[in-house]
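Here's a quick walk through a protein model, with an eye on side-chain packing and empty space. Have the viewer open as you read.

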Amino acid sequence: MITSEPLIRSTGSQRERRTVAYHESGHAVAGWFLEHAEPLLNVTIVPRGTAALGFAQYVPNENLLMTEEQLFEMTCMTLGGRASEQVLLSRISTGAQNDLEKRDDGFEMSKPYSNKTAAIIDSEVREWVGKAYEKTVQSKPFEAGEMTKYDRFKQGFQEEAERSEHIVENKTADDDGSSPLEPDVVTA
């Protein structure tokens, strides 16, 4: 079984398509960095009918039981779209709300508890989602002090430019006007 998470219903303006691209890539990136997230099957930002401008499909989790860590990371992946919008666009669309609504998997709950218990549950859920959202926005698969591949790549170009500059400076200082192909001839 494949699950999908539609973002928003609309024909989609350029701004909406950009938002959808960042949103859906946020799910994919968050899932990639999380050990217990459902494997990503497909991500699209191309509208598929009138249901959504974009969506992410995941290979379904066949486990009937999840650990707290697995459930927490699944929550993080679900919040990846919202986090991506906040970090990259500095705004959050209604598609982020839709992600959480789609995660209920059709479970209907009657309320066999008091309003006081409901308030405690709501408080715990808010705390859980808040922690998951913070982890999603902040998490990286490496320590902050460790250089990334991009940092090493950029550093290599900077070192190459410095070496080239140094060679040009030395060549100018040692240049006596003769061509390197014409040897200096000294007559006796």
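What follows covers the overall layout, then the ring contacts, one of the helices, and the empty spaces.

## Overall layout

Keep in mind that this is a predicted model. The protein has six helices and three strands, and going along the sequence they come in the order β-α-β-β-α-α-α-α-α.

Of its 188 residues, 26% count as buried. Looking at contacts with a separation of 6 or more, 70% are between residues 24 or more positions apart.

## Ring contacts

Search the whole structure for aromatic pairs and you get one. It's Phe 72 with Trp 128: the ring centres are 5.3 Å apart and the planes sit at 90°, so this is an edge-to-face pair. Phe 72 belongs to helix H2 (residues 68–78) and Trp 128 to helix H5 (residues 115–138), so the pair ties together parts that are 56 residues apart in sequence.

How do the two partners fare for exposure, buried or partly exposed? Phe 72 has a relative accessible area of 19%, and because buried means under 20%, it counts as buried. Trp 128, at 24%, is partly exposed.

There's also a charge over a ring to look at. The charged end of Arg 82 sits over the ring of Tyr 133, 5.5 Å from the ring centre.

## Helix H3 and what comes after it

Helix H3 spans 80–89. Which of its residues are buried? They are Gly 80, Gly 81, Ala 83, Ser 84, Glu 85 and Leu 89. These buried residues pack against H1, H2 and H5.

Right after H3 comes Ser 90, which lies in the loop between H3 and H4. Its backbone is worth a click: phi is near 60°, a positive value in a residue other than glycine. Ser 90 is exposed too, with a relative accessible area of 65%.

## The second largest pocket

The second largest pocket has a volume of about 300 Å³. Its lining is made up of 16 residues, and those nearest the centre are Gly 26, Val 29, Ser 84, Thr 136 and Val 137. Ser 84 has already come up, as one of the buried residues of H3.

Which helices supply at least two residues each of this lining? They are helix H1 (14–33), H3 and H5. H1 gives the largest share, with six residues.

As for chemistry, the lining splits into 10 nonpolar and six polar residues, with no charged ones.

## The cavity

The search for cavities of 30 Å³ or more turns up one. The largest cavity holds about 40 Å³ of space.

Which residues line it? The list is Thr 78, Leu 79, Arg 82, Ala 96, Asp 99 and Leu 100. Arg 82 is a familiar name here, since its charged end is the one over the Tyr 133 ring. Helix H4 (residues 95–102) makes the largest contribution to the lining, three residues.

By class, the cavity lining has three nonpolar residues, one polar and two charged. Set that beside the second largest pocket, whose lining has no charged residues.

Definitions and conventions: Residues numbered from 1 in each chain as written. Predicted model: local features only at pLDDT ≥ 70, side-chain atom pairs only at ≥ 80, totals over all residues. Heavy atoms only, no water. Phe/Tyr/Trp six-rings, centres within 6.5 Å; stacked < 30°, edge-to-face > 60°. Helix = DSSP H or I, 4+ residues; strand = E, 2+ residues; numbered from the N terminus. Buried < 20%, exposed > 50% of the residue type's maximum accessible area, 1.4 Å probe, protein only. Lys NZ or Arg CZ within 6 Å of the ring centre and 35° of its normal. 1 Å grid on protein atoms, 1.4 Å probe; cavity = no way out; pocket = protein on both sides within 12 Å on 5 of 7 lines; lining within 4 Å. Points joined across faces, edges and corners; volume = space filled by probe spheres on them. Nonpolar A, V, L, I, M, F, W, Y, C, P; charged D, E, K, R; others polar. Contact = heavy atoms within 4.5 Å.
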